[in-house]
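Please open the structure in a viewer and keep the selection tool at hand. The stops below proceed one selection at a time.

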Amino acid sequence: MGSGACAARSTDVSDPSVPDEGLPYHLIQRAGAPGWWRPVVGTIGLIVIMLGLVPLLVQVPFAVGYVAAGRSVGSSMQRLVDLTDPTPLGLAYLNLVLAAAIPVTWLLMRVVHGLRPRWLASVFPRIRWRWFATCLGLAVISLFATLVVSAALPSSASDPQVGTTVNHFTSTTRDFLLVVLLLTPLQAAGEEYAFRGYLTQAFGGLFRNRWAAVLGPAVLFALAHGAQSAPVFFDRFAFGIVAGVLVVVTGGLEAGIAMHVLNNWLAFGLALAYGDMGSSLNPTGGSWWSIPVTLTQSLVYLALVVWVGRRRGIETATNPAVLVASEGRV
């Protein structure tokens, strides 16, 4: 597997759940504690914790800050969570809530499945940083193909949330820019750990099928973005499909995180330059003409990642000798 692999107890390769050739990423939870109910409980737990507990916990330090600053906590907190007209602090709050999915999925992996959290990162098991940097570069390259296709489509293909006049650069713009640069990567990684990490392994472990592991999280990913028009929903769903396929064919989250970070940087950057952050966070319009543009970027990126990954020999299955599972099972 290469240098950097963790030392661990050896897996009993005679166990039929852990084949001699190792497990692909979407089946890693099969090496954990037995029980078909575990991915079901884990999925429900992830939804409940992220929708109910995490937002409240993340609000605590903001409330403390408002008290220290002598501001009205009630009105300030209401303004904080108003994402129809977000402030830089509101965007920071949203990003931190979504970034919290990383420790939440780590906890579920350990408690529910008896597996070490690092098995969510990749089959290595950890983030392969050189591979991540490569994927980030490939994501930039795929943008050029998007620009070519976008230029060939009618003007109706442009994002209705983005204008043609450059916005004035204000202190608010600066604050938004700092939040986007510093916290958007964590937000994107949090979503990937939740949907392409934990949920991919949960659906894969439950149905033992790679397409179920891709399609299930993609549907939940699209639904998680709230009320949307049909083109916007399809765009989110298509992104989830491509990101899910990337996880399966590369054996880790790096490619999906890189694409997600770049997409969000681009979307928020355009909103700051030509539109407004509220419209970017709450898209209500959308055109079917925009689908070829986003599909071009995603599919070109997918092709580049698969090609480069195969040339570099990126691991797509675990090494049975280092797969760490629950006590008493392996």
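**First stop: an aromatic cluster**

Select Phe195, Phe221 and Phe239, which together form one aromatic cluster. Rings of Phe, Tyr and Trp (its six-membered ring) are paired here if their centres lie within 6.5 Å; planes under 30 degrees apart count as stacked, over 60 as edge-to-face and the rest as tilted. Now add Arg196 to the selection: its charged end sits over the ring of Phe221, 4.3 Å from the ring centre. For this description, NZ of Lys or CZ of Arg must be within 6 Å of the ring centre and within 35 degrees of the ring normal.

This is a predicted model, in which local features need pLDDT of at least 70 and side-chain atom pairs count only at pLDDT 80 or more, while totals for chains, interfaces and linings use all residues. Residues are numbered from 1 along each chain as its sequence is written, and side-chain values use heavy atoms, with hydrogens and water left out.

**The whole chain**

Display the protein chain as a cartoon: it has 11 helices and 0 strands. Helices (H or I, at least four residues) and strands (E, at least two) are DSSP runs, numbered from the N terminus. Of the 330 residues in the protein chain, 50% are buried. Buried means under 20% relative accessible area, exposed over 50%, and partly exposed in between (1.4 Å probe, protein chains only). Contact means heavy atoms within 4.5 Å. Among contacts in the protein chain between residues at least 6 apart in sequence, 82% join residues at least 24 apart.

**Helices α7, α8 and α9**

Next, select helix α7 (residues 210-223) and helix α8 (residues 230-250), which pack at an angle of about 145 degrees with their axes 8 Å apart. Axes are lines fitted to C-alpha atoms, for helices over the stretch in contact, and angles run from 0 to 180 degrees between N-to-C directions. Which residues make the contact of α7 with α8? On the α7 side they include Trp211, Leu215 and Phe221; on the α8 side they include Phe237, Phe239 and Gly244. By class, the residues of this contact divide into 14 nonpolar, 2 polar and 2 charged. Ala, Val, Leu, Ile, Met, Phe, Trp, Tyr, Cys and Pro count as nonpolar, Asp, Glu, Lys and Arg as charged, and the others, Gly among them, as polar.

Keep α8 and add helix α9 (residues 254-274): these two helices pack at an angle of about 145 degrees, with their axes 8 Å apart. Here Phe239, Val242, Ala243 and Leu246 in α8 meet Ala255, Gly256, Met259, His260 and Asn263 in α9. This contact has 6 nonpolar, 3 polar and no charged residues.

**Two edge-to-face pairs**

By the pairing rule given at the cluster, the count comes to 6 aromatic pairs. Select Phe62 and Tyr93, an edge-to-face pair at 6.1 Å centre to centre with 85 degrees between the planes. The pair links distant parts of the chain, for Phe62 is in helix α1 (residues 37-68) and Tyr93 in helix α3 (residues 88-99), 31 residues apart. Phe62 counts as buried because its relative accessibility is 12%, and Tyr93 counts as buried because its value is 7%.

Move to Trp129 and Phe132, an edge-to-face pair at 5.9 Å centre to centre with 85 degrees between the planes. Both lie in helix α5 (residues 129-152), 3 residues apart, about one turn of the helix. Is Trp129 buried or exposed? At 58% relative accessibility, Trp129 is exposed, whereas Phe132, at 17%, is buried.

**Helix α6 and its surroundings**

Select Gln187 in helix α6 (residues 171-207). Gln187 is buried, with a relative accessible area of 4%. Leu96 is 91 residues away from Gln187 in sequence, yet the C-alpha atoms are 6.6 Å apart. Beyond residues up to four places away in sequence, Gln187 touches Asn95, Leu98, Ala99, His260, Asn264 and Phe268.

**Two backbone details**

Most residues other than glycine have a negative phi, and most peptide bonds are trans. Select Arg208 in the loop between α6 and α7: it has a positive phi of about 55 degrees although it is not a glycine. Arg208 is exposed, at 57% relative accessibility. Finally, select Phe124 and Pro125, where the peptide bond is cis, with omega near 15 degrees. Pro125 is in the loop between α4 (101-113) and α5.
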